[in-house]
Amino acid sequence: MKGDWMKRLAGAALVLTLVLAGCGGEESQAEKDLDKINNQIGDLENKIKNLKSENDQLEKNIQIKEEELQKLQDTERSGETDSKDASEDGSSEEEDAES
């Protein structure tokens, strides 16, 4: 009887050892998966930072272009006003000469 009990205990110990070894392998795989996911997260964070930087630069470029456009429009309006003033001045001078 003692022999059977010892065989069962040894078998249980063997099964427990195999189960623990299997769990250890799963933890190892889980750790590898977690490391892989953390690396992917790090890569994504870097991409996000790069995109934010590019976006900031694009926004600055847009602002510069809008300011240039505004200056051109102001210059164009100023030129139209000068032309109108000159034509109005010229027509009034012509009217004075006719009278």
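Lys-65 and Glu-68 make a good starting point for a tour of this predicted model: both residues belong to helix H1, where they sit three residues apart, about one turn of the helix. Their side chains are joined by a salt bridge, with 3.7 Å between the closest N and O atoms. General chemistry offers a simple background here: side chains of opposite charge can pair when their charged atoms come close. The two partners can also be described by how much of each is left accessible. Lys-65 has a relative accessibility of 53% and therefore counts as exposed, since the cut-off for that class is over 50%. Glu-68, with a relative accessible area of 39%, is partly exposed.

A search of the whole structure finds two salt bridges, and the pair formed by Arg-77 and Asp-74 is one of them. Here the side chains meet at 3.4 Å, taken from N to O. Arg-77 and Asp-74 are likewise both in helix H1, with a spacing of three residues, or about one turn of the helix. Arg-77 reaches 46% relative accessibility, so this residue counts as partly exposed. Asp-74 is partly exposed as well, because its relative accessibility is 38%, a value that lies between the limits of under 20% for buried and over 50% for exposed.

With these pairs in place, the overall fold is easy to picture. The chain contains one helix and zero strands. Helix H1 covers residues 2-98, in a chain of 99 residues. How much of the chain is made up of buried residues? The share is 0%. In terms of surface, the chain exposes about 9200 Å², and carbon and sulfur atoms supply 55% of that area.

Part of this surface is nonpolar in character. Trp-5, Met-6 and Leu-9 form a nonpolar patch on the surface, and together these three residues have about 360 Å² of accessible area. Met-6, one of the patch members, has its place in helix H1, the helix that also holds Lys-65 and Glu-68 as well as Arg-77 and Asp-74.

Terms used:
Residues are numbered from 1 along each chain as its sequence is written. This is a predicted model: local features need pLDDT of at least 70, side-chain atom pairs count only at pLDDT 80 or more; totals for chains, interfaces and linings use all residues. Side-chain values use heavy atoms; hydrogens and water are left out. Helices (H or I, at least four residues) and strands (E, at least two) are DSSP runs, numbered from the N terminus. Buried means under 20% relative accessible area, exposed over 50%, partly exposed in between (1.4 Å probe, protein chains only). Accessible areas come from the Shrake-Rupley method with a 1.4 Å probe; for residues, only the protein chains shown count as cover. Patches are made of residues with over 30% relative accessible area and no salt bridge: like charges are joined within 9 Å, nonpolar side chains (Val, Leu, Ile, Met, Phe, Trp, Tyr) within 5 Å. A salt bridge is a side-chain nitrogen of Lys or Arg within 4 Å of a carboxyl oxygen of Asp or Glu.
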